[in-house]
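Visitor: Got a minute to walk me through this model? I'd like to begin with the ligand.
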Amino acid sequence: MKSIVVTPRVQGSLKLMDMDIPQVGEKEVLLKVLKVGVCGTDRDIIAGFYGEAPEGSSYLVIGHESLCRIEEVGSGVDTFRKGELVVPTVRRNCPENCESCRNGMSDMCLTGHYKEHGIKQLHGFAREYAISDSGFVVKLPESLSDAGILLEPLTIVEKGISVSYAMQNSRLPWRPERAIVLGAGPVGLLATAVLRLKGLEVDTVATRPEDSLKARLAEQTGASYINAAKNPLATLESRYDLVLEVTGNVSVAVEAQKLARVNGIVSYLGIYKETTATEDAGKIFTDLVLGNRVYFGSVNANKKYFQAGVDDLIRIQQEWSGFLGKMITKRVRPEGLSEAYGPVGPDGIKNIIEF
Ligand code: BGC
């Protein structure tokens with residue numbers, strides 16, 4: 001079967017490889033992969049910055065965003081049937097089975113020895129058939145047989161927003177009115193939609209023009225689009241209850257802190273390159289303390305957020321027809337892998353591969 005692999009840490013090693021269909025274990029499911037999505041993490045792995053092969057393998061099958069159908073179930077699995085539409089989560093428990101992992105929260109693994117499909121020590125889903133532990137698979141309704149490929153990036157948003165609300169509600173009577181989303185790629189647009197579903201006024205910021213697809217999609221949800229190329233972040237007021245930073249850009253991350261109002265919260269969902277910044281650290285910490293602000297980071301998502309994401313994908317489809325489909329701007333067959341993992345293009349948003 002066709003599989004998309006890299007030699008981790010070797011730039012330019014991306015290739016299509018022929019592999020045997022994996023054997024399903026007792027508690028596992030064999031997945032027929034319909035689609036995989038391409039994100040910044042995949043591009044970082046291909047560029048050689050990131051990624052680890054499974055033990056004993058010299059290569060890693062990439063792909064962690066997927067939409068699949070159950071092909072076969074292991075002898076000990078009675079929760080799935082052949083043909084069901086599903087998405088597997090990305091992260092699996094650490095060998096120590098730490099308290100978080102034991103309790104279904106491998107996204108909060110304490111040892112750092114967790115594994116991630118397509119990223120760290122487990123083959124991913126960019127192949128015709130893949131395997132997952134059946135305990136980490138979520139069912140989707142048939143109405144999501146295309147848009148379901150956006151579930152995994154949406155779960156990153158679900159966790160960031162849900163943790164923000166939980167933290168804020170535990171420390172004050174929180175009535176958020178205004179949010180800002182920094183970035184309007186797939187994660188930024190999904191965050192915009194979820195915050196609009198919650199009834200917040202949302203400003204979504206990116207650098208594309210006002211008539212770009214990103215701007216139009218943000219506006220379809222009732223959010224306002226801010227073109228940062230014309231209105232730099234530094235000119236915006238500190239008036240937001242919730243700030244979501246999803247660009248993964250360090251200078252934007254620094255500006256993000258200044259946008260939170262008193263008692264506000266800033267959620268960082270990007271992955272940043274190491275950089276030495278020249279910022280007034282005293283001011284950053286004084287603003288944090290005197291404004292009762294919270295700045296926090298969030299990575300990965302457990303099954304609870306995948307389930308919340310399924311509900312929100314359905315609600316987004318009902319509220320804003322065509323929104324999810326328009327986010328997928330390039331569909332490529334596995335043979336076109338260099339196009340799939342290349343840039344999204346001038347008005348592009350999300351590339352996917354269809355098997
Ligand atoms: C994935 C997460 C993963 C993170 C770090 C992201 O692109 O969506 O599931 O935990 O990369 O590896």
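Guide: Sure. Around the ligand there are 13 residues, and T41, Y50, E116, E152 and N300 come nearest; near here means a heavy atom within 4 Å. Keep in mind that this is a predicted model, where local features need pLDDT of at least 70, side-chain atom pairs count only at pLDDT 80 or more, and totals for chains, interfaces and linings use all residues. Residues are numbered from 1 along each chain as its sequence is written, and side-chain values use heavy atoms, with hydrogens and water left out.

Visitor: Which side chains have an N or O atom facing an oxygen atom of the ligand, and at what distance?
Guide: E116 has one 2.6 Å from a ligand oxygen, and N300 has one at 2.8 Å. For H64 the distance is 3.4 Å. As for cover, the ligand taken alone exposes 310 Å², and the protein buries 92% of that (Shrake-Rupley areas, 1.4 Å probe).

Visitor: How does the shell divide into nonpolar, polar and charged?
Guide: Seven nonpolar, three polar and three charged. Ala, Val, Leu, Ile, Met, Phe, Trp, Tyr, Cys and Pro count as nonpolar, Asp, Glu, Lys and Arg as charged, and the others, Gly among them, as polar.

Visitor: Back to N300. Where is it found?
Guide: In the loop between strand β17 (294-297) and helix α8. Helices (H or I, at least four residues) and strands (E, at least two) are DSSP runs, numbered from the N terminus.

Visitor: And does N300 count as buried or exposed?
Guide: Buried, because its relative accessibility is 6%. The cut-offs are under 20% for buried, over 50% for exposed and partly exposed in between, with a 1.4 Å probe and protein chains only. Leaving aside neighbours within four places in sequence, N300 is in contact (heavy atoms within 4.5 Å) with V90, R91, D107, E116, I156 and K159.

Visitor: OK, what about α8? Which of its residues are buried?
Guide: Y305, F306, G309, V310, D312, L313 and I316. Their cover includes β6 (85-88), α3 (151-169) and α4 (186-197). At the start of α8, a side-chain oxygen of N302 comes within 2.9 Å of the backbone nitrogen of K304.

Visitor: How many residues of α3 are buried?
Guide: 14 of the 19, so α3 is largely enclosed by the rest of the structure.

Visitor: Last one: where's D44, and what is it in contact with?
Guide: D44 is in helix α1 (residues 40-46). Beyond four places in sequence, D44 is in contact with F49, Y50 and K273. At 22% relative accessibility, D44 counts as partly exposed.

Technical notes: A polar contact is a pair of N or O atoms within 3.5 Å; within protein, one must be able to donate a hydrogen and the other to accept it, and residues adjacent in sequence count only if both atoms are side-chain atoms.
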